[in-house]
Amino acid sequence: MHRQVGASMGRRRFLALSAGGAAAGAAALSGCAMQVSSGVSGSGETVTVMVNSGDILPEQVRQANKALGIKIVLVKYDITKLIAMLTSGSPPDLVRGVGAVDAPFFAARDVAEELDPYFAGSGVLKLDDLDPVNDLWRFDGRTQGKGPRYGMAKDFSQDSMYWYNTAAFDKAGVDRPAETEPITFEEWQDTAKRLVQRKNGQTTVFGGSYGGLTRATLLSTLTASAGGNLFNDDFSRVDFTTPEARKALAWYIDYCATKVGPSLIQPDPNGWDGPTYQAGRLGMSNSGYWLGGMIYPDKKLAQVSRLAPAPVFAGGARISACQGGTGLWMPRGAKNKDAAWRVFEWFFGEEPAKARASGGWGIPTLKSLRSLMPSQEDYQRRVLKVQNNELKHFSVVSFTPYTRADAFDALFNQIAPAAMNGQISVDTLAGRLNSAINEQLKRGKEQVG
C-alpha cells in the first residue's frame, strides 16, 4: 500500500532543494548525515523526529514510549542537516514543517510521502474530522490546497486576526473594534497612529504590530484580501505591479514608514510581540488565536485583551488565512514509515493534541477536539465567540513551490528598507522586487522541472 524507500536523491533534486534558501553547505554534510530509524519491527521500534525545541516535550517522548512501545529520538530542526540527510538517503522519519510554505516546496521536489493511504486506514485521524486548515498540506503538482496530503498541522490560527488591549483604547479615547465585523486595513492603521506613544523621538508604546509570520505569507495574504494573487497562474512569477498587489505593498510600506509598529526600520527590542504586549507596550498585536496561550495565565492582561477579526480592504474579499499551519511531514525515504505513522497519529490525534487544545496555544486541527479549547472564563468565551465566527471566513492562500519563504524574505529585507525610509517610491520598489524574486523563482522552476 505504501511506497518503498527509494534510492538517494540525485544532484538535480539536491540543487532544487538547496536553491530554495537552504544553505549551500548542505552538500558538505551529506557524507556524515546520521543513520536514523532502526527499521526493526514490533515493539521497541525507533522513530526519529526532526523538530524545534518545545515541539515535542521530553515527557511526551516518555509517554509515547510507554503508550506505543516506540522510542522517539528528537533531532533539532536544521534545514542544512535535513537536506544532507535527504540527499544521503537517511532522512528522519518525521520532519517539522510550516504547511503554508513548506508543503508545496517539498512535495514538488518529490521528497515528501503522500499520506492519503495512511489517512484512509486510520481510526484516529478521520478525513471528515480534519479542519480545512489541513488543506495547506495538500498539493496537486501545481496548486496548494488540492490533491494528495503530505502532512498535517498540529494546531493553527487565522494569522491576520489581531489582539488588542482595551485599556490602551480607552486611555486614548479610541472606539473598540466590533467583535465579529472587520474594520478596514486603513482603519486599523489609523487606530495604530492614535495609539502609538513617543518620547524624545523614540517610540515607547507601539500602536500596533502587523508583520505577519513571514513577509512572503503576509504579502500573499494582503494581496488576496485586496482581491488578487501575488503569483501568476502557475506560481512561477510574482507581480507587485498589479493593482491588488500594489495596494497590499503600499499599505505595508506605509505601516513601516509611519513607525506605528515594529518593522525592519524600527525593530521590537524584544524580537517579537509577546513580551511587548505583556508589558503594555503594544496596543494591537497581529497574532491570531494562539497568543491566548500566553495571555490567559496573566489574569489582569487577559481581562483587558480582546481578539478581533482580520481586517479587510475596502471592496476586497474577506480573507482570514492561516500563514503557518506548523506540523509534520514524512520523507519518502524514511526507513520506518508504519511506526512513524503511529507516532503521527498519536501526536495529532491523541494525548499531545488534547493537551495543545486545552492550553489555548492554537485551534485544534481535528474538529472533534474543539470542545477542549479554553472556555472557563468570560474573557475566554468572548474570544471563542470571535474565533468561531472567523472560521467561516478561512481560505487557503496558495504559495509557490519554487522558493522558500525565508529566501523570499531575504530578498525583500534587502530591497524594501529604502522604500520604508522614503528613498524610493512604492512603484520603484515593486519593480525591484519583481526582478529579484522572479529570478529566484525562475531558478527554482528550472531545477524542479
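This report describes two helix pairs, one helix face and four single residues in a predicted model.

**Helix pairs**

Two packed helices are described by the angle between their axes and the distance between the axes. Helix α3 covers residues 58–68 and helix α14 covers residues 337–349; their axes come within 11 Å and cross at roughly 120°. That angle makes α3 oblique to α14. The crossing of α3 and α14 is right-handed. On the α3 side, the contact is made by Gln60, Gln63, Ala64 and Leu68, and on the α14 side by Arg342, Val343 and Trp346. Sorted by class, the residues of the contact between α3 and α14 are four nonpolar, two polar and one charged.

A second pair is formed by α9 and helix α17, the latter spanning residues 405–415, with axes that come within 8 Å and cross at roughly 85°. Helices α9 and α17 are therefore roughly perpendicular to each other. From α9, the residues making the contact are Arg215, Ala216 and Leu219, and they meet Ala405, Phe408, Asp409, Phe412 and Asn413 of α17. The contact of α9 with α17 holds five nonpolar residues, one polar residue and two charged residues.

**The buried face of α8**

Helix α8 runs over residues 185–195, and its buried residues are Phe185, Trp188, Gln189, Thr191, Ala192 and Leu195. Why do the buried residues of α8 line one face of the helix? Seen down the axis of α8, they fall within an arc of 155°, so they line one face.

**Single residues**

The table gives the relative accessible area of four residues, one in a strand and the others in loops.

| Residue | Place | Relative accessible area | Class |
|---|---|---|---|
| Trp163 | strand β8 (residues 162–165) | 1% | buried |
| Phe235 | loop between α9 (215–225) and α10 (243–257) | 5% | buried |
| Lys259 | loop between α10 and α11 (273–278) | 34% | partly exposed |
| Gly316 | loop between β12 (305–308) and β13 (326–329) | 27% | partly exposed |

Under 20% relative accessible area counts as buried. Trp163, in strand β8, has a relative accessible area of 1% and is therefore buried. What separates Trp163 and Ile295 in sequence and in space? Trp163 and Ile295 are 132 residues apart in sequence, and their C-alpha atoms are 9.9 Å apart in space.

Two of the loop residues have a positive phi. Phe235, a residue other than glycine, has a phi near 65°. The loop that holds Phe235 lies between α9 and α10, and with 5% relative accessibility Phe235 counts as buried. Lys259 is not a glycine either, and its positive phi is about 55°. Lys259 is placed in the loop between α10 and α11 and, at 34% relative accessibility, counts as partly exposed.

Gly316 sits in the loop between β12 and β13 and is partly exposed, with a relative accessible area of 27%. Which residues does Gly316 touch, not counting residues up to four places away in sequence? Gly316 touches Ser225 and Ala226 on that count. Gly316 and Glu244 are 72 residues apart along the chain, and their C-alpha atoms are separated by 9.0 Å.

Definitions and conventions:
Residues are numbered from 1 along each chain as its sequence is written. This is a predicted model: local features need pLDDT of at least 70, side-chain atom pairs count only at pLDDT 80 or more; totals for chains, interfaces and linings use all residues. Side-chain values use heavy atoms; hydrogens and water are left out. Axes are lines fitted to C-alpha atoms, for helices over the stretch in contact, and angles run from 0 to 180 degrees between N-to-C directions. Angles under 35 degrees count as roughly parallel, over 145 as roughly antiparallel, 65 to 115 as roughly perpendicular and the rest as oblique. A crossing is left-handed if the near helix is turned anticlockwise from the far one by less than a right angle, and right-handed if clockwise. Contact means heavy atoms within 4.5 Å. Ala, Val, Leu, Ile, Met, Phe, Trp, Tyr, Cys and Pro count as nonpolar, Asp, Glu, Lys and Arg as charged, and the others, Gly among them, as polar. Buried means under 20% relative accessible area, exposed over 50%, partly exposed in between (1.4 Å probe, protein chains only). The arc is that of the directions from the helix axis to the C-beta atoms.
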